[in-house]
Amino acid sequence: MSVILVEGGKRLSGAVTVQGAKNSVLPILAATVLSGGVCCVKGCPDLSDVDTAAQIIRHLGGEVRREGADLVVDTRCISRCEIPEELMRQMRSSVMFLGAILGRCGEAVCSQPGGCELGPRPIDLHLSALRKLGAGIEQRGGRLRCTGGAALRGAEITLTLPSVGATENIMLCACAAEGVTVIRNAAREPEIVDLARFLRAMGARIQGEGSSTVRIEGGRGTLRGCEHRVIGDRIVCATYLSAVACAGGEASLIGAEPEQLAAVTGVLRDAGAEILATGPDALTIRRDRPLEGGVVVRTSPYPGFPTDAQPVVMAALCNARRSSLFVETMFENRYRHVDELRRMGADIRVEDRVAVVGVTENGLRGTAVTAHDLRGGGALCVAALGAEGPTILTGLSHIRRGYASLPEDLRSLGADIALHTDQN
Ligand code: UD1
């Protein structure tokens with residue numbers, strides 16, 4: 001079994017460049033299927049979710065090869081339209097390939113993405129939108145079959161909630177639908193903007209990304225290969241900001257846009273950290289005195305506080321002098337890190353979607369803990385850095401899904417952290 005060992009209590013200092021955004025790169029890799037050409041995705045992080053997306057493309061008949069930090073994807077020879085069940089099960093974002101495969105092949109077959117670690121995550125909005133674009137959808141024995149891709153037509157689609165994945169799936173499918181598609185109440189996340197830029201580089205006509213109305217003028221056979229650099233990962237950046245807020249010290253984080261992190265930096269500032277935007281893609285955080293805490297964090301769609309940053313910021317606030325309150329509005333089961341933080345001495349009470357983070361008497365203490373999901377794993381690392389004594393962290397397969405170099409990056413900031421890989 002592989003473990004991360006952390007000897008806590010060391011102040012952090014230095015500078016680190018954050019990886020490319022996982023949540024940008026996954027829909028972008030799905031989009032390459034539509035291009036029917038060769039795409040170069042620059043700054044593509046080395047993650048197991050990226051491997052899964054590459055396996056899907058290879059299964060469909062495409063080629064994917066890594067060239068240093070970039071991924072070169074050739075989808076000229078796509079010959080299959082079905083995603084195997086084991087790849088669907090590995091990653092919920094596999095569902096993003098549905099719109100792209102349907103648009104490219106006229107038909108797409110996959111299974112329902114399984115119930116995930118964050119609670120039930122339905123795809124009803126994805127499916128009803130594809131139907132509006134003219135797709136026929138059959139669901140039998142857990143398999144989903146979408147047909148009618150050759151006759152897709154643009155449509156007006158109003159989402160009942162601004163789902164990130166549904167917005168992306170519609171954008172992909174709409175590129176292949178004749179005529180104009182308008183998505184209302186679209187998600188506004190920076191990763192949607194990045195996907196739109198990628199699609200535009202492929203020749204698509206898209207407007208309004210980043211606002212709640214996105215307009216796509218589609219058409220068959222109009223797309224081509226392209227080159228694109230993915231944006232920095234704002235959640236990885238939030239993790240490193242939280243690490244400094246928890247352990248203390250001063251560090252610069254390069255590669256993520258300060259504006260995209262405004263909700264997170266606002267909370268950390270209110271809790272007592274000093275944070276400055278030091279460039280168009282750089283932030284510096286300093287925390288000399290103990291964190292004050294006393295903040296209220298309510299997760300909501302962008303530009304609100306991101307649900308993905310809730311666990312890491314919660315971990316930092318365990319070391320504060322006053323209590324804080326969290327309200328998780330996005331997912332039902334997003335407090336799985338809480339029991340593990342309690343094992344480290346944290347005083348956290350949860351009722352439904354509300355968590356009260358009390359004052360940790362005598363501070364956090366290192367112990368053996370397990371990551372049960374991706375960002376919960378990030379949170380346990382953050383807590384371990386601010387804890388007294390050694391922490392042994394297991395459950396690393398979750399962390400590998402979204403953090404390309406967590407121990408290495410934190411070590412470059414002076415943390416005493418090491419990955420021990422079991423060769424067996
Ligand atoms: C994306 C991110 C994930 C992040 C989430 C919310 C990727 C690969 N993942 O996930 O890291 O936590 O946004 O910011 O980008 N919903 C429905 N029906 C649907 C779709 C969604 O009810 O058809 C609900 C979900 O259950 C959830 C809410 O909408 O309660 C938001 O989900 P959504 O924005 O779709 O998240 P994902 O795209 O799955």
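Colleague: Which way do D70, V72 and D74 point from strand 5, and which way do L71 and V73 point?

Modeller: This is a predicted model. In it, D70, V72 and D74 point one way from strand 5, while L71 and V73 point the other way. In a regular strand, side chains alternate between the two faces of the sheet.

Colleague: Are those residues buried or exposed?

Modeller: All are buried. Strand 5 covers residues 70-74, and five of its five residues are buried.

Colleague: Which strand joins strand 5 through four bridges?

Modeller: Strand 3, residues 38-42, and the two run antiparallel. One of the pairings there is V38 with D74.

Colleague: And strand 4, how many bridges does that share with strand 5?

Modeller: Five, again in the antiparallel sense, with strand 4 spanning residues 63-67. E67 has D70 as its bridge partner in strand 5.

Colleague: What do strand 4 and strand 5 form, and what is the phi of G68?

Modeller: A hairpin, with two residues between the strands. G68 sits in the turn and has a positive phi of about 65°.

Colleague: Back to strand 3. What does V41 touch?

Modeller: Leaving out residues up to four places away in sequence, V41 touches V25, I28, L29, A69, D70, L71, F198, H228 and V230. V41 is also among the residues with the most contacts inside the largest nonpolar core, along with F97, M171, L172, L199 and I206.

Colleague: How many residues does that core have, and which helix gives the most to it?

Modeller: The core has 75 residues. Helix 1, residues 22-35, gives the most, with eight residues. Another core lies apart from it, with 70 residues, including V16, L241, I285 and C318. Nonpolar side chains tend to be buried together in soluble globular proteins.

Colleague: Changing topic: pockets. What is the volume of the second largest one?

Modeller: About 320 Å³. Its lining has 19 residues, and V18, Q19, G20, V230 and G232 lie nearest the centre.

Colleague: How many of the lining residues are nonpolar, polar and charged?

Modeller: Eight are nonpolar, seven polar and four charged.

Colleague: Last one, A320. Where is that, and is it buried or exposed?

Modeller: A320 is in the loop between helix 10 (310-317) and strand 18 (324-327). The relative accessible area of A320 is 4%, so it counts as buried, the cut-off being under 20%.

Colleague: What does A320 touch?

Modeller: L291, E292, G293 and V359, not counting residues up to four places away in sequence. As for V357, its C-alpha is 9.2 Å from that of A320, and the two are 37 residues apart in sequence.

Technical notes: Residues are numbered from 1 along each chain as its sequence is written. This is a predicted model: local features need pLDDT of at least 70, side-chain atom pairs count only at pLDDT 80 or more; totals for chains, interfaces and linings use all residues. Side-chain values use heavy atoms; hydrogens and water are left out. On a 1 Å grid over the protein atoms alone, a cavity is a set of points where a 1.4 Å probe fits but cannot get out, and a pocket is an open set with protein on both sides within 12 Å along at least five of seven lines; lining residues have an atom within 4 Å of a point. Grid points are joined across faces, edges and corners, and a volume is the space filled by probe spheres set on the points. Ala, Val, Leu, Ile, Met, Phe, Trp, Tyr, Cys and Pro count as nonpolar, Asp, Glu, Lys and Arg as charged, and the others, Gly among them, as polar. A nonpolar core is a set of buried Ala, Val, Leu, Ile, Met, Phe, Trp, Tyr and Cys residues joined through side-chain atoms within 4.5 Å. Buried means under 20% relative accessible area, exposed over 50%, partly exposed in between (1.4 Å probe, protein chains only). Contact means heavy atoms within 4.5 Å. Two strands pair if DSSP finds at least two bridges between them.
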